[in-house]
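User: Please take a close look at a single part of the structure shown here, and explain how it sits within the whole. I am new to this structure, so please give the meaning of each term as it arises.

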Amino acid sequence: MTTDALDTLLSALPDSHAGDALAFYLHGLHPGDDPVDPALVRAWLTDLRLQIDTLLPRLP
């Protein structure tokens with residue numbers, strides 16, 4: 001996945017601080033302009049979803 005493809009994927013997110021943070025971390029998965037491994041992005045997002053699913057029920 002190229003950086004442009006990652007940017008296209010991220011453009012589907014609503015404009016928010018959470019979207020900005022997600023874009024920052026996903027861009028951090030690869031150095032410079034090297035391609036991003038789609039499997040790594042998928043694994044990272046899956047892990048993030050698990051973390052969120054764990055936290056949401058604990059909110060007051």
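Analyst: **Helix 3 and its surroundings**

R42 is exposed, because its relative accessible area is 63% (exposed means over 50%, buried under 20% and partly exposed in between, with a 1.4 Å probe and protein chains only). The structure is a predicted model, in which local features need pLDDT of at least 70 and side-chain atom pairs count only at pLDDT 80 or more, while totals for chains, interfaces and linings use all residues. Residues are numbered from 1 along each chain as its sequence is written, and side-chain values use heavy atoms, with hydrogens and water left out.

R42 belongs to helix 3 (helices are DSSP runs of H or I with at least four residues, strands are runs of E with at least two, and both are numbered from the N terminus). Between R42 and D4, which lie 38 residues apart along the chain, the C-alpha separation is 17 Å.

L40 is also found in helix 3, which covers residues 38-55. L40 has 38% relative accessibility and therefore counts as partly exposed. From L40 to L29 the distance in sequence is 11 residues, and their C-alpha atoms are 7.9 Å apart in space.

The contact of helix 3 with helix 2 comes next. The axes of these two helices come within 11 Å and cross at roughly 140 degrees (axes are lines fitted to C-alpha atoms, for helices over the stretch in contact, and angles between N-to-C directions run from 0 to 180 degrees). Helix 2 is therefore oblique to helix 3 (under 35 degrees is roughly parallel, over 145 roughly antiparallel, 65 to 115 roughly perpendicular, and the rest oblique). On the side of helix 2 the contact is made by L22, Y25 and L26, and on the side of helix 3 by V41, W44, L45 and L48 (contact means heavy atoms within 4.5 Å). These residues divide into seven nonpolar, no polar and no charged (Ala, Val, Leu, Ile, Met, Phe, Trp, Tyr, Cys and Pro count as nonpolar, Asp, Glu, Lys and Arg as charged, and the others, Gly among them, as polar).

Helix 2 also has a contact with helix 1. The axes of helix 1 (residues 3-10) and helix 2 (residues 17-27) come within 11 Å, crossing at roughly 160 degrees. Helix 1 and helix 2 are therefore roughly antiparallel to each other. Helix 1 contributes T3, L6, D7 and L10 to the contact, and helix 2 contributes A23, L26 and H27. The residues of this contact comprise four nonpolar, two polar and one charged.

In the protein as a whole, there are three helices and zero strands, and the pattern along the sequence is α-α-α. The C-alpha trace spans about 40 × 25 × 15 Å along its principal axes. Of the 60 residues, 17% count as buried. Among contacts between residues at least 6 apart in sequence, 40% join residues at least 24 apart. The protein exposes about 4700 Å², of which carbon and sulfur atoms supply 63% (accessible areas come from the Shrake-Rupley method with a 1.4 Å probe, and for residues only the protein chains shown count as cover).
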